[in-house]
Amino acid sequence: MARWLLARLGRAALAAWGIASLVFLLSRLLPGGPEQAAQPEAGDLSRPVAGRQSAASQALTQQALRQRLGLAEPVFYVSRVAGPPVTWRWNGLHNQYHRWAAQVLRGNLGQSYRNGQPVTTLLAHAIAYSLPLAATAAGLAVAVALGLGLYLARTPHGWLPALVRTGLAALQVTPLFLLALVVVLLFANPDALNLLPDSMLDGEPATGLPALGYWLARAALPLLSLVLAVLPSLTLPLAAALHDEAALDYATTARAKGLTVKAMLWRHALPNALLPLLTTLTELLPTLVAGTVVVEVLFTIPGSGRLLAEAAAAHDYPLVIAGVLLTAAVRLLSLVLADVLYFLADPRLRPTA
Amino acid sequence: MKPSPLPPLAQPGYWLALAWLGLVAAVGLLAPWLPLPYPAAAPDLLHIATPPAWLGAGPAHYLGTDALGRDVLAGLVVGARRLLALSLPAVGLATLLGALAGATAGFWGNRLRVPLAAATGLLAAAWWGWSLPIYFIFILLIISTLLLIIIKWRRAAARQAALTVALPLDGLVMGATTLLGAVPRLILLVALAAGTPLAPAQLLGVLALLAWPEPARLVRAQMLRVRALPFLEAARASGLPEGRIWWHHALPHACRPLWAFTPLSLGGLIGLESALAFLGIGQAPDVVSWGSMLASVRQAPAAWWVAAGPGLALLLTLLSLQQIARFLAKKMA
């Protein structure tokens with residue numbers, strides 16, 4: 001069993017490495033990649049000297065910049081030299097990919113092109129905002145999904161369950177950015193309802209209990225958006241599974257024993273219906289991380305999602321690749337988590353003593 | 001897939017969905033000939049964030065303008081056209097690619113054997129495409145010719161099967177889907193679009209690249225089921241060549257789940273593309289789409305009409321696609 005888990009994790013880790021390598025190589029091979037990000041903008045008025053430089057000195061500056069960023073070396077182990085006689089050259093270990101891979105394996109993700117800060121520092125600061133947000137959203141979503149699923153299974157008929165079902169189905173196709181935008185425009189708009197502030201960073205953080213209230217009030221709308229976004233994919237399968245389980249013989253036996261529908265669902269049907277839900281959970285955490293990109297941009301939370309979006313908009317590749325690696329790591333984590341939960345939920349899978 | 005003739009009122013959701021999608025398609029197709037008073041991307045600086053015409057002010061800005069003075073109605077029309085020109089071909093391409101890859105992987109598994117000589121020839125062609133040194137080609141050609149001669153001779157002499165190698169098709173396809181599934185699609189799309197603004201053809205290619213694994217997995221799973229059915233055994237017993245069995249008998253059955261899946265896939269891709277436009281990553285600033293219009297409402301939160309039009313259009317389109325997917329799923333079941 002441990003070997004199976006290890007093989008699964010190994011495959012996922014390999015895929016994560018592959019996709020990060022792909023993004024790295026594409027970023028270096030496509031025209032107008034890294035140098036563009038590090039160059040001062042053409043219309044940047046704060047550097048009037050740059051406009052008056054001669055062409056030769058500009059070329060020198062460019063060369064120095066490439067040298068400093070490590071872009072002067074060949075990109076990969078082999079490179080193709082264009083020209084009428086096309087030749088292939090073996091570059092040995094002195095290439096950008098090898099250097100990058102070695103650095104990443106040592107835990108060094110490089111430095112941001114924009115301000116030269118280490119990527120690990122930037123990410124660590126950003127995760128301090130994103131992790132609590134995503135974790136709280138995951139916990140809330142699972143709790144609400146359990147409640148709603150049990151409710152839908154208990155009362156299959158009536159107008160309220162039908163309404164809930166329709167609402168969930170509509171939520172399922174609504175993209176998160178539209179959902180979050182509607183939430184912002186409805187609840188944090190001076191012209192509509194201004195219940196809650198939509199920005200986390202205006203006002204001063206207090207200490208102690210008021211601080212908790214402050215952060216809760218600030219996080220309410222982002223949390224609402226994230227929970228609503230992942231709720232249908234958790235609730236609808238759970239309700240269907242509960243419905244199926246409740247029609248089986250053991251459920252009838254439990255009811256004949258005198259249990260209420262509620263107790264039967266909770267004690268007998270739920271453990272069986274949970275198993276398919278655990279597979280959904282594997283996808284839940286990565287989806288939430290992807291969701292934080294949109295939500296953090298919209299609510300201006302300085303978390304990892306917004307960091308990734310801003311880095312992508314500014315061609316800041318070390319940060320973009322770090323974001324991809326981080327997301328892949330989250331997926332690895334959720335794979336492990338789902339497997340552990342499987343063992344806990346299903347006694348048949350546990351190794352017999 | 002033509003739906004069977006139903007009385008129009010038996011499935012109101014389905015017919016309403018079809019009508020809405022038809023409207024979007026018609027508007028998108030006819031966009032260049034519609035008599036619109038203003039172009040989509042050009043700002044009208046005299047009328048910034050003007051409310052719709054029926055609420056008062058604006059001259060001929062029927063649905064108002066956004067914070068940059070761009071006409072909302074023209075933006076809606078251009079957005080519908082973008083849907084037709086970008087998302088629809090991307091889904092078509094991804095479904096085609098995914099169906100073929102999944103069906104091949106599911107039917108032959110890792111056991112498709114090709115003659116070694118053919119493999120060498122293929123390799124030679126690949127080297128030629130990458131323009132490796134000339135002498136390499138000659139070496140490969142000589143090797144493959146020699147192999148061909150040897151195989152012919154041995155076949156004639158010993159009546160043996162040709163020298164073959166197994167192509168790990170299933171491993172390749174599943175490996176590619178695992179690779180692309182390692183991070184959520186939005187993250188991957190953001191990372192791939194991080195360079196210079198993508199041309200429409202490039203964006204289409206990237207979207208198709210992100211979307212093909214799902215149909216591939218679906219068709220592969222179905223093909224594994226179909227492969228074991230008796231009618232395929234009968235086809236084999238009657239002596240049909242493998243390729244013909246695959247194309248004529250197995251593929252249509254393996255592609256059945258795609259009918260209900262493709263509308264959902266299209267909806268997912270439209271949402272993904274809109275999210276990218278909303279974030280403003282990898283887009284030229286003058287490209288107008290429903291996603292970028294929704295993003296512009298953040299500059300003037302009071303101008304609800306900027307968000308209402310594209311938001312409703314997007315939501316209706318996605319709900320319609322869901323309705324159609326549901327109808328097709330019920331029909332195919």
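This passage looks at the enclosed cavities of the model and at two loop residues with positive phi.

The structure is a predicted model, in which local features need pLDDT of at least 70 and side-chain atom pairs pLDDT 80 or more, whereas totals for chains, interfaces and linings use all residues. Residues are numbered from 1 along each chain as its sequence is written, chains are lettered from A and ligands numbered from 1 in the order in which they are written, and side-chain values use heavy atoms, without hydrogens and water.

A cavity is taken as a set of points, on a 1 Å grid over the protein atoms alone, where a 1.4 Å probe fits but cannot get out; lining residues have an atom within 4 Å of a point. Points are joined across faces, edges and corners, and volume is the space filled by probe spheres set on them. Four cavities of 30 Å³ or more were found, and the largest holds about 90 Å³. Its lining comprises 13 residues, with A:Ser304, A:Gly305, A:Leu308, A:Gly323 and A:Leu326 closest to the centre. Helices H11 (261–298), H12 (304–313) and H13 (317–345) of chain A each give two or more residues to this lining; helices are DSSP runs (H or I, at least four residues), numbered from the N terminus.

Turning to the loops, most residues other than glycine have a negative phi. A:Thr300, in the loop between H11 and H12 of chain A, has a positive phi near 45°. A:His315, in the loop between H12 and H13 of chain A, likewise has a positive phi, near 55°. A:Thr300 is partly exposed at 28% relative accessible area, while A:His315 is buried at 14% (buried, under 20%; exposed, over 50%; partly exposed, in between; 1.4 Å probe, protein chains only).

Terms used: 1 Å grid on protein atoms, 1.4 Å probe; cavity = no way out; pocket = protein on both sides within 12 Å on 5 of 7 lines; lining within 4 Å.
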